[in-house]
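Colleague: I am new to this structure and would love a close look at one part of it. Could you pick a place where two helices meet and walk me through it?

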Amino acid sequence: MTLQGWVPEIGEFLTLAEVIDLAFDYRGNTTVVKVDETEIEGYVFNRDREAPEPFIQLFDVAGNGPIRIPYSEIRNVKFTGRDTAAGNSWQAWLERREREKADKTARLETGPA
Amino acid sequence: MSVPLSQMWTVATYVLKQKLSGRKRYPLVLMLEPLFRCNLTCAGCGKIQYPAQILKTHLTLEQCLKAVDECGAPVVSIPGGEPLMYPQIGELVHALVKRRKYVYLCTNALLLKEKLEQGVLKPSRYLSLSIHMDGLREDHDEAVCRDGVYDRAVEAIKEALRRGFRVTTNTTLFDGASPLRMREFFDEMMGLGVEGMMLSPGYSYAKAPDQEHFLRRGRTHDLFSKMLSNAKKQWKFNQSPLFLQFLMGKRDYECTPWGNPTFNLFGWQRPCYLLQEGYAGSFRELMEATRWESYGRKSGNEKCQDCMVHCGYEATAVDDTFSGWKGFKDTLVATFTGKL
């Protein structure tokens, strides 16, 4: 299950603070849509909703940062980047390993060509 | 146990000073992560899943040293990512040694031989190359998801020992680990001539791909009891014997999440090396503004219930050593008899 590609609809059932929490937990870039309609794409690595002025911090896609944006300037956060934690590389590794072992055994059994 | 006397003395005097000054919370080991980039993608690792711009970035040398000075811990562990991929690793280690910090450079050793040949690192009693080894050849290569890594690490260990470096190993254990094979592994590592071994159960990182093989508490006790009961005299462990007894189920400890504070590209990580619930801008802010009561087993926090990892519990064990005669006596007995 990944949030990759999700554009949240903030309203009665989903608050901006909840979306920011999900963005903070997301291991990919997101696009922060500001109330002035400008957008900034980057990796949200921190958020503090209990600070006197709640804020997020991010590194943009060029690696510049940390950039601090108050909650009050944010309209939405879109999950636009690839989720780097998605998938199951353990399973993939085991399958590849089994395939390689089977290939090796098959080669040994058939002998040199 | 194999911690050198000078290191024991440094840690002991530091802890006693903290206690005499009435400091309730103090750091013991700084976990300094100069970068997240790694040349392996181990299935149990939750440290490297980041977008490209984060993986390409690293701390500056100045940021690293500022964090070390701010924190004040006598021991600095440099994990990552792979620290040998940090462009200024030589300068960083040199500066830490100059500050008389005991440094554990935690590496998978893939680049170690090359770095040693280039003269990037110099042997010192303050520097221990802590090589990631998760078991015998087949087990290790499976854990790191690449064949051949074990052999390269062994080659690098031999080269480092030949050049006079202190070498230790660090091993993370997952469910399914065989106590018998681990005992064989201990024989093999000691046979190579390493100074000591460090063990810890793995932690179920929310972002790690492999979620099925992390140890639960009961299984941890069982595994460590089987592995370490009747420990051979020649096995040396570079860690608190009380922590190993805790892993065996002989002691009940609570987590000390501030014991191994973590600094990386994002700042001071709250609350610990394993959980990422936010970042503080300074070490002081981390210590003073983190809700420590929300972490550890007794807090009821579900993320902490099965955790028995060294970064939370070894500091507790060390504190126990200096909290009364019993802890002190138990540590001495285990240290000098080797019995756990």
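Modeller: Happy to! Let's start with handedness: the crossing of α8(B) and α9(B) is right-handed. Please keep in mind that this is a predicted model.

To find the two helices, look in chain B for α8 at residues 179-192 and for α9 at residues 217-228. Two packed helices are described by the angle between their axes and the distance between the axes. Here the axes come within 9 Å and cross at roughly 45°. That angle makes α8(B) oblique to α9(B), because it falls outside the ranges that count as roughly parallel (under 35 degrees), roughly perpendicular (65 to 115) or roughly antiparallel (over 145).

Now for the residues that meet there. From α8(B) come B:Pro179, B:Met182 and B:Arg183, and α9(B) brings B:Leu223, B:Lys226 and B:Met227. Sorted by character, the residues of this contact are four nonpolar and two charged, with no polar ones.

If you would like something to set beside the helix pair, turn to chain A. There you will find an open sheet of five strands, ordered β4-β3-β2-β1-β5 and paired in the antiparallel sense. Its edge strands are β4 (67-70) and β5 (74-78), each of which pairs on one side only. From one strand to the next, the twist averages 45°. Within the sheet, β2 (residues 39-48) and β3 (residues 55-60) of chain A pair over six bridges. You can trace one bridge yourself: A:Tyr43 has A:Phe59 in β3(A) as its partner.

Methods. Residues numbered from 1 in each chain as written. Chains lettered and ligands numbered in written order. Predicted model: local features only at pLDDT ≥ 70, side-chain atom pairs only at ≥ 80, totals over all residues. Axes fitted to C-alpha atoms, helices over the stretch in contact; angles between N-to-C directions. Helix = DSSP H or I, 4+ residues; strand = E, 2+ residues; numbered from the N terminus. Left-handed = near helix turned anticlockwise from the far one by under 90°. Contact = placed C-beta atoms within 7 Å. Nonpolar A, V, L, I, M, F, W, Y, C, P; charged D, E, K, R; others polar. Pairing = 2+ DSSP bridges.
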